[in-house]
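Work through the following exercises with the sequence and the 3D structure at hand, and try each task before reading its solution.

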Amino acid sequence: MTTNTTVGARDARSAEHGAVTRPGDPGRNFASKSVPRHLARGAVGFGLIIGSIALVPVAGPATLLAAPLALIAFRGCPTCWMVGLAQTISHGRLERQCVDGVCALTKAQPPTRTANR
């Protein structure tokens, strides 16, 4: 049995950068609760970036102040948003299993139903 001592440090870095982590999941999680919600966040983020750049000739450079608001919608950068989209789509379908320092993606086991007696 091997012990991964970097998990605690990685969790601290994830929390520091605003990433949401689930218990037992040492990696970063940028997923949303649903795909439509994630796509809406992307539309807001990309809209803010495009709008702030497109409005510079009309309203002046002050419109560029709207661009940093996109980082809030993206929960980081556009790449973070894209990673979150992949995580949201695959949520519950794939899981990462690490054995002796080698990690692999496998299909998640369906939840077992227990009889409530």
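A residue is called buried when its relative accessible area is under 20%, exposed when it is over 50%, and partly exposed in between. The model is a predicted one, and every value below is computed from it.

**Exercise 1. Classify Leu-39 by its accessibility, and state which surface patch it helps to make.**

Step 1: Leu-39 is found in helix α2. Step 2: its relative accessibility is 45%, so Leu-39 counts as partly exposed. Step 3: together with Val-35 and Ile-89, Leu-39 makes a nonpolar surface patch of about 230 Å².

**Exercise 2. Check the span of helix α2 against the expected value, and then determine how its buried residues are placed around the axis.**

Step 1: α2 has 20 residues, which at 1.5 Å a residue should span 28 Å, where the expected span takes 1.5 Å times one less than the number of residues. Step 2: the end C-alpha atoms of α2 are 28 Å apart, which agrees with that expectation. Step 3: the residues His-38, Arg-41, Gly-42, Gly-45 and Ser-52 of α2 are buried. These residues cover an arc of only 115° around the axis, and therefore they lie on the same side of α2. Step 4: on the other side of α2, Pro-36, Ala-43 and Ile-50 are exposed.

**Exercise 3. Describe the geometry of the aromatic pair formed by Phe-46 and Trp-81, and compare the accessibility class of each partner.**

Step 1: the structure holds three aromatic pairs. In the one formed by Phe-46 and Trp-81, the ring centres are 5.6 Å apart and the planes meet at 85°; because planes over 60 degrees apart count as edge-to-face, this pair is edge-to-face. Step 2: the pair links distant parts of the chain, since Phe-46 lies in helix α2 (residues 35–54) and Trp-81 in helix α5 (residues 78–90), 35 residues apart. Step 3: Phe-46 has a relative accessibility of 33% and therefore counts as partly exposed, whereas Trp-81, with a relative accessible area of 9%, is buried. Step 4: ring pairs link Phe-46 and Trp-81 with Phe-74 into a cluster.

**Exercise 4. Locate Arg-96, give its accessibility class, and state how far its C-alpha atom is from that of Lys-107.**

Step 1: Arg-96 is placed in strand β1 (residues 94–99). Step 2: with a relative accessible area of 45%, Arg-96 is partly exposed. Step 3: Arg-96 and Lys-107 are 11 residues apart along the chain, and their C-alpha atoms are separated by 8.8 Å.

Methods
Residues numbered from 1 in each chain as written. Predicted model: local features only at pLDDT ≥ 70, side-chain atom pairs only at ≥ 80, totals over all residues. Heavy atoms only, no water. Phe/Tyr/Trp six-rings, centres within 6.5 Å; stacked < 30°, edge-to-face > 60°. Helix = DSSP H or I, 4+ residues; strand = E, 2+ residues; numbered from the N terminus. Buried < 20%, exposed > 50% of the residue type's maximum accessible area, 1.4 Å probe, protein only. Patch = residues over 30% accessible without salt bridge, like charges linked within 9 Å, V, L, I, M, F, W, Y side chains within 5 Å. Areas by Shrake-Rupley, 256 points an atom, 1.4 Å probe, with all protein chains shown as cover. Salt bridge = Lys/Arg side-chain N within 4 Å of Asp/Glu carboxyl O. Arc of directions from axis to C-beta.
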